[in-house]
Protein chains: 2
Amino acid sequence: MSRDAPVRPAPVEAGGAYNRSSRVQAAGLLPAVDLFEAAAKDVELPHEPQSIVVADYGASAGHNSLLPIGVAIATLRKRAEPGRPICVVHTDVAENDYTTLFHTLATDPHSYLRDDHAVFPSAVGRSFYQQILPSNTVTLGWSSWSAQWLSRVPAPIPDHVQVAYSRDEAARAAYARQAADDWIAFLTARSRELVPGGHLVVLTMALDDDDFGYTPLLEGIAAELADMIREGVVSDAEVQRMALPTVARSEADLTAPFAPKGRFAGLSVEHLEMFVADDEIWRRFATDKDAKGFATRWTAFARASVFPTLATALDDGPQRAGQFFQRLESGVSARLADAPEPIKIPLAKMALVKQSWPR
Amino acid sequence: MSRDAPVRPAPVEAGGAYNRSSRVQAAGLLPAVDLFEAAAKDVELPHEPQSIVVADYGASAGHNSLLPIGVAIATLRKRAEPGRPICVVHTDVAENDYTTLFHTLATDPHSYLRDDHAVFPSAVGRSFYQQILPSNTVTLGWSSWSAQWLSRVPAPIPDHVQVAYSRDEAARAAYARQAADDWIAFLTARSRELVPGGHLVVLTMALDDDDFGYTPLLEGIAAELADMIREGVVSDAEVQRMALPTVARSEADLTAPFAPKGRFAGLSVEHLEMFVADDEIWRRFATDKDAKGFATRWTAFARASVFPTLATALDDGPQRAGQFFQRLESGVSARLADAPEPIKIPLAKMALVKQSWPR
């Protein structure tokens, strides 16, 4: 992958792995569904013939979208005429697995297509750091676990795969700058796309005070990679190139564009909440005391969400990725099983509204 | 692939192979671009805020869509306000390669996104034998080399892979019935989706009198498969299961739903032309006398467009497909190189208009 290409967790790895391992994310996103439901209740509906449009920014393979989009549709349907079309646009990068997305929509028992035949899904395979839908057309926007992925890898991280765990000042500064730029680009594009009066709900990785979270998992990955270098499984240069282009934002980071008057590009913040999501995998362990199960579940999440990005740093990546995945997975899993501890998942949820037309 | 699943040439084989081999189709579709351009000139444009929507039904990986959609956009742009959004919806089955489609749109030098920044592409991965876009929203529809693919394999073809070359009456009847049903389903769904006054242009495989065409290619495939059975490369049962769910329609087939008053579901036929497309590969051979090049080019077309469907009949398909492809390709190519002759490409092009709102 080119350093300048848009980067994502590459959900193409083992069709559906990201979907299956996304229970962690499903747990984390539940808290924002209430905000999205409230938005669907409050938003002004466009007059016909303008369509009701729900946009899902960063849909991945669709599994995590079914619940929130379904809730929004059910809420909108109560307010709109029975047969009135509701368009749902799932966006992600071009590399995303749209075949799984459309299969999920067609076959999943929780698909919103089951209950409402006047819903029309589509997909847009373009980075959301630009305008990708026509101006003033989106009634409701949803973006979950996506805005944390930067538009590009801004710099190497010499001493870790995650910049939050790095002590390299240059890397930290480059990531902070990119995160600020990308957040502004994201908000600017969404503001254009939202209809006046439209609502946008964002759930994204956040800092809990200064804590990025995920410590046992990320330290496990870093330690295992160090072992793999020592054993010659990967080279020092390869691990040096490994960098997860994800950022956790603080409350100040999220609100910065809106200073000083609480408004940016016509958007205002209706709700912002920093919180730590419940680690459901840990909760299960607290009951069943199955350390191996705990480790397996968290490692599966890491494998689906971040291993593919790490593997892009391998020379001859496609040939060696399988072996790399296996070794890293078993190593990280063994480390987690040795000393299970709860994993902190800091998140932010945010509801934004675009200024209405003047009356 | 299940017998009831929607079937298509499975362009997933070797990313981009279908795109690259589509020069044959590019030649064949050029004749209909004039109809589509005329439609873009004549069609009533919707009033704002309703969007201008161009739908591309059966987009495959997008290569063949760039020219016709680009022509329509350029024509519409002359009539619409400079910054007015034009939405382009590329539809195909869920299995289609949308990643290549979005990459093609982003990077191809002939992409319509290069010239016009107020164009917004999206994709719908659902069979076009149902309504897949909201009612009364599509300004212009385009469907090229797609309506010939049936919604399902209606029956086995015991004596050939293509029903037009079969003498089995039951198979011929089942295919004819499915072709009639699918054509009605296609037209009914498009009629709902088109805005009143909207235009639809269809290019599809047709009969030249009763001739399906492609004789040397299809007879070459049948003969090679027979050899492969004798040599034990494939089993008799596997070849028995191989069936291309494509049909060529006669003028009577195409117009049947419109009898007796020239109207069906609000659609009327503005233009219908049965013709035989120029075999550009043959024309090149007539100049360069390169029999091997001739054979290679036609076989590449067959490999990309029909071999994947044939391979779905193999036991352990994924394991044996590569070997099957190679053998069938080299065998068919050798047969074509031995006795080059022009290949007939019978097509129909059709322009349909949906009744306007009463004034």
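Visitor: Why does Arg320(B) count as partly exposed?
Guide: Arg320(B) has a relative accessibility of 23%. Buried means under 20% relative accessible area, exposed means over 50%, and partly exposed is what lies in between (1.4 Å probe, protein chains only). The value for Arg320(B) falls in that middle range, so it is called partly exposed. Before we go on: this is a predicted model, in which local features need pLDDT of at least 70 and side-chain atom pairs count only at pLDDT 80 or more, while totals for chains, interfaces and linings use all residues. Residues are numbered from 1 along each chain as its sequence is written, chains are lettered from A and ligands numbered from 1 in the order in which they are written, and side-chain values use heavy atoms, with hydrogens and water left out.

Visitor: What makes the meeting of Glu238(B) and Arg320(B) a salt bridge?
Guide: A salt bridge needs a side-chain nitrogen of Lys or Arg within 4 Å of a carboxyl oxygen of Asp or Glu. Between Glu238(B) and Arg320(B) the N to O distance is 2.5 Å, so the pair passes. Glu238(B) belongs to helix α7 (residues 236-241) of chain B and Arg320(B) to helix α12 (residues 317-338) of chain B, so this link ties together parts 82 residues apart in sequence. Helices here are DSSP runs (H or I, at least four residues), as are strands (E, at least two), numbered from the N terminus. Glu238(B), with a relative accessible area of 2%, is buried.

Visitor: How do you know that Arg190(A) and Glu193(A) are separated by about one helical turn?
Guide: They stand 3 residues apart in helix α5 of chain A, and that spacing is about one turn. Their salt bridge has its closest N and O atoms 2.9 Å apart. Arg190(A) and Glu193(A) are each buried.

Visitor: What makes Arg327(A) and Glu224(A) a pair that ties together distant parts of the sequence?
Guide: Their side chains form a salt bridge (2.9 Å, N to O). Arg327(A) sits in helix α12 (residues 317-338) of chain A and Glu224(A) in helix α6 (residues 215-230) of chain A, so the parts they join are 103 residues apart in sequence. Glu224(A) has 5% relative accessibility, which counts as buried. A network of salt bridges links Glu224(A), Asp227(A), Arg230(A), Glu231(A), Arg327(A) and Arg335(A).

Visitor: Why is strand β5 of chain A called largely enclosed?
Guide: In β5(A), residues 194-205, 12 of the 12 residues are buried, so the rest of the structure largely encloses this strand. Strand β4 (residues 138-144) of chain A runs parallel to β5(A), joined by 6 bridges. Two strands pair if DSSP finds at least two bridges between them, so β4(A) and β5(A) qualify. Strand β8 (residues 345-354) of chain A also pairs with β5(A), in the antiparallel sense, over 7 bridges. There, Thr204(A) has Ala348(A) as its bridge partner.

Visitor: How do you know that chain A and chain B are related by a two-fold axis?
Guide: A turn of 180° with a shift of 0.0 Å along the axis lays chain B on chain A with an RMSD of 0.0 Å. That is how a two-fold axis relates copies. The superposition is by least squares on the C-alpha atoms of residues with pLDDT of at least 70 in both.

Visitor: Why do we say that the copies meet through the same surface?
Guide: Because 100% of the interface residues of chain B are also interface residues in chain A. In all, 24 residues of chain B are in contact (heavy atoms within 4.5 Å) with 24 residues of chain A. Phe102(B), Phe120(B) and Pro134(B) supply 26% of the area that chain B buries against chain A, more than any other three residues. Across this interface the rule finds 0 salt bridges.

Visitor: What makes Ala265(B) stand out?
Guide: Ala265(B) has a positive phi of about 50°, yet it is not a glycine. Most residues other than glycine have a negative phi. Ala265(B) lies in the loop between β6 and β7 of chain B. With a relative accessible area of 40%, Ala265(B) is partly exposed.

How values were computed. Buried area is the accessible area (1.4 Å probe) that two parts lose on being put together, summed over both.
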